[in-house]
Amino acid sequence: MPEEVIVVRESKNLTGTVQISGAKNSALKLIAASILGQGESIIHNVPLISDIDIMCRVLERLGATVVREGHALRVDTTNVADKETPYELVSKMRASISALGPMVARFGHARMAMPGGCQIGARKIDMHLVGMSVLGVKFSVDHGFLEASAPNGLHGGEIMLEFASVGATENTMMTAVVAEGHTIIENAAREPEIVDLANMLNAMGCKVQGAGNSTIEIEGVPLSSLHPCEHTTVGDRIEAGTFLVGGALMGGPLRVEGINPSFLRMAIIKLKQMGCTVSTGDNWIEVSREGELKPTDIQTLPHPGFPTDLQAQFMLLCSLAKGSSLVTENVFENRFMFAEELMRMGADVNLEGHHAVVEGVDKLMGAPVSCSDLRAGAALVLAGVAAEGETVVHDIYHIDRGYEDYVGKLQSLGADVKRVKVGHSDVWR
Ligand code: UD1
């Protein structure tokens with residue numbers, strides 16, 4: 001079978017305006033939340049990416065009808081039934097686990113293949129289970145499947161998450177909305193996608209307050225009072241941040257539109273520290289750079305800290321800065337696989353546990369490289385835009401998981417980049 005790769009050559013600049021798609025990490029959960037509406041919800045601004053296709057298949061397997069009209073999705077969950085979420089889908093995408101909360105809320109029971117490990121660390125689900133247990137959910141594992149049931153119904157409770165986990169906050173929230181009484185989630189994740197989910201839940205008739213803060217309060221309502229809704233997905237801050245890194249790397253000016261600048265406060269601070277000029281408006285951010293890139297230190301943390309999903313892209317920037325930067329990954333174990341590929345392009349990176357010391361070099365060199373995850377993949381293509389000669393990026397299905405028309409958007413900004421189908425013998429790995 002021919003393999004598709006991205007071939008990218010050193011480009012003069014990345015400049016112009018790019019429209020940012022809806023947030024992958026929001027839309028996935030909004031689709032899952034539509035299970036609670038028990039009718040046809042319409043979700044706008046849904047990106048055309050393969051992770052969304054998988055989530056649609058999860059819903060279809062549970063009995064929903066999903067119709068795509070451009071960037072809108074009509075998700076009719078009237079006929080969703082208490083069916084199992086199969087391994088073939090959960091193993092492709094860990095975020096399938098976000099159907100767990102809504103299924104338990106709707107049926108008092110759910111059966112789902114256990115998500116396995118993942119290339120970016122162990123990624124356990126213990127906190128999802130702890131949060132939902134407080135609400136009366138009992139769990140057992142049966143031949144690789146997680147069985148969740150609430151034999152005595154769901155009731156509100158006080159939950160203190162050990163870590164501000166995005167997925168655990170969302171699943172707990174989506175269960176608590178129909179749990180009798182009051183629920184408090186402390187140390188909740190504060191990502192903009194959590195706020196987006198709470199807004200959709202409230203549009204369906206739920207009573208969620210405080211999303212975006214570390215304490216979320218939920219007043220349970222009867223399931224029968226919930227109804228479908230129409231909702232627009234927020235812009236993708238990680239896609240926006242990725243293009244801003246491209247502008248910073250090549251000089252720009254590069255503007256991203258369709259993104260609330262407050263979602264990227266920490267990334268903007270880092271871009272400025274690295275010598276970029278950043279301006280913002282209601283729904284756009286623009287970056288440009290005239291002087292040299294300055295080194296900086298970055299440590300990933302839950303929002304509003306620096307996002308782990310922009311770590312690889314910023315490591316690329318650091319690799320071309322004048323001096324030494326320290327990048328610390330605190331959210332995921334094992335998220336430095338990108339550094340190994342970047343080193344093959346001439347970067348000077350020393351890995352020490354969850355720290356990477358990055359000594360800036362004058363130039364990167366084009367090379368054959370492979371994506372280890374979607375953010376690393378996006379960063380490798382950007383590296384190819386800046387590097388001398390030609391870079392061939394393999395395993396680009398990772399990029400397609402989360403970036404809508406990445407190559408087309410980069411071309412519109414002036415990059416010399418294309419997708420190419422090749423026989424395995426044509427391309428050196
Ligand atoms: C979500 C995002 C992902 C992002 C991450 C952190 C989606 C689909 N994915 O992933 O792009 O990188 O947030 O911003 O929205 N953990 C546990 N036990 C749990 C849950 C999490 O130990 O029960 C650990 C994980 O292994 C990881 C850390 O906590 O090391 C963060 O995970 P979490 O915030 O839950 O990320 P996800 O929801 O999986």
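This briefing describes the surroundings of the ligand and then the aromatic rings of the structure. The model is a predicted one. In it, 20 residues surround the ligand, and the protein covers 87% of the 740 Å² of accessible area that the ligand has on its own.

**The shell around the ligand**

- Among the residues that surround the ligand, the closest are Asp126, Met127, Ser165, Asp309 and Val331.
- Sorted by class, the shell around the ligand consists of 7 nonpolar, 5 polar and 8 charged residues.
- Helices H1 (24-33), H5 (126-134) and H6 (166-176) each contribute at least two residues to this shell, and the largest share, 3 residues, comes from H5.

**Polar contacts with the ligand**

- Asp126 places a polar side-chain atom 2.6 Å from a nitrogen atom of the ligand, while a polar side-chain atom of Lys29 lies 2.7 Å from an oxygen atom of the ligand.
- The backbone also takes part, since a polar backbone atom of Gly167 is 2.9 Å from an oxygen atom of the ligand.

**Aromatic rings**

- The structure holds 3 aromatic pairs, and one of them joins Phe306 and Phe314 edge-to-face, with 4.9 Å from centre to centre and 85° between the planes.
- Buried means under 20% relative accessible area, so Phe306 counts as buried at 2%, and Phe314 is likewise buried at 1%.
- Phe243, Tyr403 and Tyr406 are linked into a cluster by ring pairs.
- Arg255 lies over the face of Trp284, at 3.7 Å from the ring centre.

How values were computed: Residues are numbered from 1 along each chain as its sequence is written. This is a predicted model: local features need pLDDT of at least 70, side-chain atom pairs count only at pLDDT 80 or more; totals for chains, interfaces and linings use all residues. Side-chain values use heavy atoms; hydrogens and water are left out. A residue is near a molecule or strand if one of its heavy atoms lies within 4 Å of it. A polar contact is a pair of N or O atoms within 3.5 Å; within protein, one must be able to donate a hydrogen and the other to accept it, and residues adjacent in sequence count only if both atoms are side-chain atoms. Accessible areas come from the Shrake-Rupley method with a 1.4 Å probe; for residues, only the protein chains shown count as cover. Helices (H or I, at least four residues) and strands (E, at least two) are DSSP runs, numbered from the N terminus. Ala, Val, Leu, Ile, Met, Phe, Trp, Tyr, Cys and Pro count as nonpolar, Asp, Glu, Lys and Arg as charged, and the others, Gly among them, as polar. Rings of Phe, Tyr and Trp (its six-membered ring) pair if their centres lie within 6.5 Å; planes under 30 degrees apart count as stacked, over 60 as edge-to-face and the rest as tilted. Buried means under 20% relative accessible area, exposed over 50%, partly exposed in between (1.4 Å probe, protein chains only). A charge sits over a ring if NZ of Lys or CZ of Arg is within 6 Å of the ring centre and within 35 degrees of the ring normal.
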